[in-house]
Amino acid sequence: MTDVKAASLHELADLIFAVGRQLRPPADPAFEPCTPIEISVMRFINHNPGTSARAASEATLLPSSNFSRVLRGLEKRGLVDRIVDDRNAKGVRLYPTEKAHQNLQYLRDNWDQTLQGIIDDPATIEIVNATLRRIEEELIARRSGTENRGTRSD
């Protein structure tokens, strides 16, 4: 990898962190604030309703003991429902609650206000979204050892 390419990738990672820090939580008192770890867990459960606790723990890079603690807290606050799996009485499936859906809507409304007018071109937004989606998918694949070498472009 060239120094220029490495520097560009370093800047990309730096900017991802910086932009994430600028996205503040909604001020609405009905919004249930979450820690960054809780956000990671809720994001996975929202994207994968009915997921197993094991899959969510692995996807969020949390050891099972830490994941269990975070999950109990989210459950206690009414953001996650733990439903016994019909096929496996020992297993549970995780679902976002109605309160979690409302929380996500508060967050999306806040993001709409925060990001409004920064980039208005839908094509540009889709390119950025597609790029970040690909980065996330590739990082997950690399971590799990299932990298799809056929789609890489160095």
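1. Helix H1 (3-22) and helix H6 (122-144) each contribute at least two residues to a nonpolar patch, and in this predicted model the patch lies on the surface and is formed by Met 1, Leu 9, Leu 12, Ile 16, Val 128 and Leu 132. Taken together, these residues have about 520 Å² of accessible area. The largest contribution comes from H1, which gives three residues to the patch. Ile 16, one of the patch residues, is placed in helix H1, and its relative accessibility of 39% makes it partly exposed.

2. Helix H4, which covers residues 64-76, is made up of 13 residues and reaches 18 Å from its first C-alpha to its last, close to the 18 Å expected at 1.5 Å a residue. Its buried residues are Phe 67, Val 70, Leu 71 and Leu 74, and because they fall within an arc of 100° when the helix is seen down its axis, they line one face of H4. The face turned away from this buried side carries Ser 65 and Lys 76, which are exposed.

3. Which elements cover the buried residues of H4? The cover includes two helices, H2 (36-47) and H3 (53-59), together with two strands, S2 (80-85) and S3 (88-96). After H4 comes Gly 78, a residue whose phi is positive, near 80°.

4. Thr 51 is found in strand S1, which runs over residues 51-52, and with a relative accessibility of 9% this residue counts as buried. When neighbours within four places in sequence are left aside, Thr 51 is in contact with Phe 44, Ile 45, Ala 56, Val 92, Arg 93 and Leu 94.

5. Side chains of opposite charge can pair when their charged atoms come close. A search of the whole structure finds eight salt bridges, among them one in which the side chains of Arg 77 and Glu 32 meet, at 2.8 Å from N to O. Arg 77 lies in the loop between H4 and S2, whereas Glu 32 lies in the loop between H1 and H2, so this pair ties together parts that are 45 residues apart in sequence. Arg 77 itself counts as partly exposed, at 21% relative accessibility, a value to be read with the cut-off in mind, since buried means under 20%.

6. Glu 32 also forms a salt bridge with Lys 99, where the closest N and O atoms are 3.1 Å apart. Here Glu 32, in the loop between H1 and H2, is paired with a residue of helix H5 (residues 98-115), so the salt bridge ties together parts that are 67 residues apart in sequence. Lys 99 is partly exposed, its relative accessible area being 34%. Glu 32, Arg 77 and Lys 99 are linked, along with Glu 38, in a network of salt bridges.

7. A further salt bridge joins the side chains of Arg 134 and Glu 138, with 4.0 Å from N to O; for the reviewer, it is worth setting this value beside the cut-off, which asks for a nitrogen within 4 Å of a carboxyl oxygen. Both Arg 134 and Glu 138 lie in helix H6, four residues apart, which is about one turn of the helix. Is each partner buried or partly exposed? Arg 134 is partly exposed, with a relative accessible area of 35%, whereas Glu 138, at 13% relative accessibility, counts as buried.

Definitions and conventions: Residues are numbered from 1 along each chain as its sequence is written. This is a predicted model: local features need pLDDT of at least 70, side-chain atom pairs count only at pLDDT 80 or more; totals for chains, interfaces and linings use all residues. Side-chain values use heavy atoms; hydrogens and water are left out. The expected span of a helix is 1.5 Å times one less than its number of residues. Buried means under 20% relative accessible area, exposed over 50%, partly exposed in between (1.4 Å probe, protein chains only). The arc is that of the directions from the helix axis to the C-beta atoms. Contact means heavy atoms within 4.5 Å. Patches are made of residues with over 30% relative accessible area and no salt bridge: like charges are joined within 9 Å, nonpolar side chains (Val, Leu, Ile, Met, Phe, Trp, Tyr) within 5 Å. Accessible areas come from the Shrake-Rupley method with a 1.4 Å probe; for residues, only the protein chains shown count as cover.
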